[in-house]
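Welcome! Here are a few short exercises to work through with the structure in view. Try each task yourself before reading its solution.

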Amino acid sequence: MVDILIRRGALLDITTNGGYTAIMYPSMNGQTNIVNILAEAGANLDVQDNSGWSALMKAVYNKNEQTTKILIKKGADLSLKNYSGDTAAVIAKRATNNNVVRLLEIAALDKLSKGLDPERLPIKFFVNRALSEKGTYLWVTETTQQNEDN
């Protein structure tokens with residue numbers, strides 16, 4: 001059904017009174033197939049609703065790991081903040097969703113390694129290395145950043 005609507009010219013980024021777009025509903029509900037179809041069709045992944053929440057934030061909050069993976073892979077902005085100042089990573093941590101937190105950390109590191117400005121990342125990271133007899137291990141440590149305005 002979604003494919004038919006897209007082929008007939010459905011407006012993918014039109015918003016409801018609450019600011020929701022077509023991709024936000026399946027992101028909340030874990031409907032990965034629909035999220036994938038909409039993303040492939042060019043839906044804007046970074047539209048924010050009237051509370052500043054993006055499709056990625058909604059997927060993270062609702063613990064939809066597969067949907068989160070798709071949105072990250074399709075290029076959702078990890079640095080967006082809702083009107084409370086929270087990024088998807090902060091929302092995932094509050095929801096104690098460790099798998100999704102790990103996905104977001106890996107995606108942030110991947111973007112960093114591809115030259116994205118580290119100041120745009122949702123969390124500052126140190127990458128630590130340890131040597132062992134079997135090889136090198138990497139792990140990520142979150143750091144806190146003092147607000148320079150204080």
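Helices here are DSSP runs of H or I with at least four residues, numbered from the N terminus. With that rule, Leu5 is found in helix 1. Please keep in mind that this is a predicted model.

**Exercise 1: Getting an overview**

Task: Find out how many helices and strands the protein chain has, and in what order its elements run.

Solution:
- Step 1. Counting the elements gives 7 helices and 2 strands.
- Step 2. Reading from the N terminus on, the order is α-α-α-α-α-α-α-β-β.
- Step 3. Now look at burial: of the 150 residues in the protein chain, 35% are buried.
- Step 4. Turn to the outside: the protein chain exposes about 9,400 Å², and 48% of this comes from carbon and sulfur atoms.
- Step 5. Finally, take the contacts between residues at least 6 apart in sequence: 56% of them join residues at least 24 apart.

**Exercise 2: The two sides of helix 3**

Task: Work out which residues of helix 3 are buried, and why they line one face of the helix.

Solution:
- Step 1. Helix 3 covers residues 32-40, and its buried residues are Val35, Leu38 and Ala39.
- Step 2. Look down the axis of helix 3: these buried residues fall within an arc of 100 degrees, so they line one face of the helix.
- Step 3. Ask what this face packs against: the partners of the buried residues are helix 1 (2-7), helix 2 (24-29) and helix 5 (65-73).
- Step 4. Turn to the face directed away from the buried side, where the exposed residues Asn33 and Glu40 sit.
- Step 5. Follow the chain just past helix 3 to Gly42, which takes a positive phi of about 100 degrees.

**Exercise 3: Three salt bridges**

Task: For each salt bridge, decide whether its two residues are buried, partly exposed or exposed.

Solution:
- Step 1. Recall the cut-offs: buried means under 20% relative accessible area, exposed means over 50%, and partly exposed is in between.
- Step 2. The count to work through is 3 salt bridges.
- Step 3. Lys74 and Glu40 meet through their side chains at 2.0 Å, N to O. This pair links distant parts of the chain, with Lys74 in the loop between helix 5 and helix 6 (88-94) and Glu40 in helix 3, 34 residues apart. Lys74 has a relative accessible area of 30%, so it is partly exposed, while Glu40, at 55%, counts as exposed.
- Step 4. Asp49 and Lys58 form a salt bridge at 2.7 Å, N to O. Asp49 is buried, because its relative accessible area is 4%, and Lys58 is buried at 5%.
- Step 5. Asp86 and Arg94 meet at 2.5 Å, N to O. Asp86 is buried at 11%, whereas Arg94 counts as exposed at 60%.

**Exercise 4: Around Asp49**

Task: Locate Asp49 and list its contacts beyond the neighbours within four places in sequence.

Solution:
- Step 1. Asp49 lies in the loop between helix 3 and helix 4 (55-61).
- Step 2. Leaving those neighbours aside, Asp49 is in contact with Gly18, Gly19, Tyr20, Met24, Lys58 and Tyr83.
- Step 3. Pick Lys58 from this list: a polar contact of 2.7 Å joins its side chain to that of Asp49.

**Exercise 5: A patch on the surface**

Task: Identify which residues make the nonpolar surface patch.

Solution:
- Step 1. The patch is made by Met1, Ile4 and Leu5, and comes to about 320 Å².
- Step 2. Check Leu5: its relative accessible area is 46%, so Leu5 is partly exposed.

Definitions and conventions: Residues are numbered from 1 along each chain as its sequence is written. This is a predicted model: local features need pLDDT of at least 70, side-chain atom pairs count only at pLDDT 80 or more; totals for chains, interfaces and linings use all residues. Side-chain values use heavy atoms; hydrogens and water are left out. Buried means under 20% relative accessible area, exposed over 50%, partly exposed in between (1.4 Å probe, protein chains only). The arc is that of the directions from the helix axis to the C-beta atoms. Contact means heavy atoms within 4.5 Å. Patches are made of residues with over 30% relative accessible area and no salt bridge: like charges are joined within 9 Å, nonpolar side chains (Val, Leu, Ile, Met, Phe, Trp, Tyr) within 5 Å. Accessible areas come from the Shrake-Rupley method with a 1.4 Å probe; for residues, only the protein chains shown count as cover. A salt bridge is a side-chain nitrogen of Lys or Arg within 4 Å of a carboxyl oxygen of Asp or Glu. A polar contact is a pair of N or O atoms within 3.5 Å; within protein, one must be able to donate a hydrogen and the other to accept it, and residues adjacent in sequence count only if both atoms are side-chain atoms.
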